[in-house]
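Trainee: I should like a close look at the ligand and its surroundings. Could you describe that site in one connected account?

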Amino acid sequence: MIINDSNRHKGLRNQLVKVIKEKGIKDRKVLDAISKIPRHLFMDSGFVDFAYQDKPFPIGAEQTISQPYTVAFQSELLQVEPGHKILEIGTGSGYQTAVLIELKAEVYSIERQKELYTKVRKFLPKVGYVPKKLEYGDGYKGMPEYAPFDSIIVTAGAPYLPKTLLGQLKVGGKLVIPIGEDVQVMTVFTRASEKKFEKLEYGDFRFVPMLKEKNNS
Ligand code: SAH
């Protein structure tokens, strides 16, 4: 694959970083990651003109690449440190995965749409982002065989809190998850001790729904 990332794209990216900074994102490392990653390559070629607007966009299989502000917001909440082992639920286009890899995390990611999983598996290494593990499966189950994680990020709207995921956090670890049906409240659970979790809420967002089981189409 020829990586087509021009100065025009870089200029548009700097504009995008400015926009999400104005919306309140402060974490320098997160902003740097957004300014580096060629988001237009994560979308179908017909949509490249939309890649650097602060908007979600269709990626096929009725799914979307999340809005850059939302990706930045969740990434900031994760408080990623180099070497962190992070589980992502909802690989989608792989854009959020790439942001976490730029932040030097080891990323384990699950996607339930076969079509998207197959595509992203080939695509990510081609643009230089190599996750530790990509799985075609149901995120409600997490990845017990690789747990515990420093943090877990859910990038689809969960109708309720999947308790299994809490159990896959290290003590001190965080689960960042949008919870709700039509509108989701961004929620962070921190594992304070083996049995104790602290919960904080960060406002309303809209995600595509987190669905059960794998989907083969
Ligand atoms: N992180 C993605 C966001 C994609 S939208 C990106 O940056 O592009 C949310 C994704 O979650 C969709 O791809 C959807 O198929 C996936 N998803 C929904 N329910 C899921 C589940 N139970 N397990 C794993 N992935 C799921």
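Mentor: What follows describes the ligand, the residues around it and the pocket that holds it. The model is predicted. There are 27 residues around the ligand, and those that come nearest are Gly90, Ser93, Glu111, Gly139 and Leu211. Gly139 also appears among the polar contacts, since a polar atom of its backbone lies 2.7 Å from a nitrogen atom of the ligand. The backbone of Gln96 likewise places a polar atom 3.3 Å from an oxygen atom of the ligand. Thr155 takes part through its side chain, a polar atom of which is 3.2 Å from a ligand nitrogen. The protein buries 99% of the 580 Å² that the ligand exposes when taken alone.

By character, the shell around the ligand comprises 11 nonpolar, 12 polar and four charged residues. Strand E2 (63-65) gives the most to this shell, namely three residues. Strand E3 (85-89), helix H4 (95-102) and strand E4 (106-111) are also among the elements that give two or more residues.

The ligand sits in the largest pocket, whose volume is about 520 Å³. This pocket is lined by 36 residues, and Gln63, Thr64, Thr155, Ala156 and Val208 are the closest to its centre. Thr155 is thus both a contact of the ligand and one of these central lining residues. E2, E3, H4 and E4 each give two or more residues to the lining, as do helix H3 (68-78) and strand E9 (197-205). In composition, the lining divides into 14 nonpolar, 16 polar and six charged residues.

Notes
Residues are numbered from 1 along each chain as its sequence is written. This is a predicted model: local features need pLDDT of at least 70, side-chain atom pairs count only at pLDDT 80 or more; totals for chains, interfaces and linings use all residues. Side-chain values use heavy atoms; hydrogens and water are left out. A residue is near a molecule or strand if one of its heavy atoms lies within 4 Å of it. A polar contact is a pair of N or O atoms within 3.5 Å; within protein, one must be able to donate a hydrogen and the other to accept it, and residues adjacent in sequence count only if both atoms are side-chain atoms. Accessible areas come from the Shrake-Rupley method with a 1.4 Å probe; for residues, only the protein chains shown count as cover. On a 1 Å grid over the protein atoms alone, a cavity is a set of points where a 1.4 Å probe fits but cannot get out, and a pocket is an open set with protein on both sides within 12 Å along at least five of seven lines; lining residues have an atom within 4 Å of a point. A molecule sits in a cavity or pocket if more than half of its atoms lie within 2 Å of its grid points. Helices (H or I, at least four residues) and strands (E, at least two) are DSSP runs, numbered from the N terminus. Ala, Val, Leu, Ile, Met, Phe, Trp, Tyr, Cys and Pro count as nonpolar, Asp, Glu, Lys and Arg as charged, and the others, Gly among them, as polar. Grid points are joined across faces, edges and corners, and a volume is the space filled by probe spheres set on the points.
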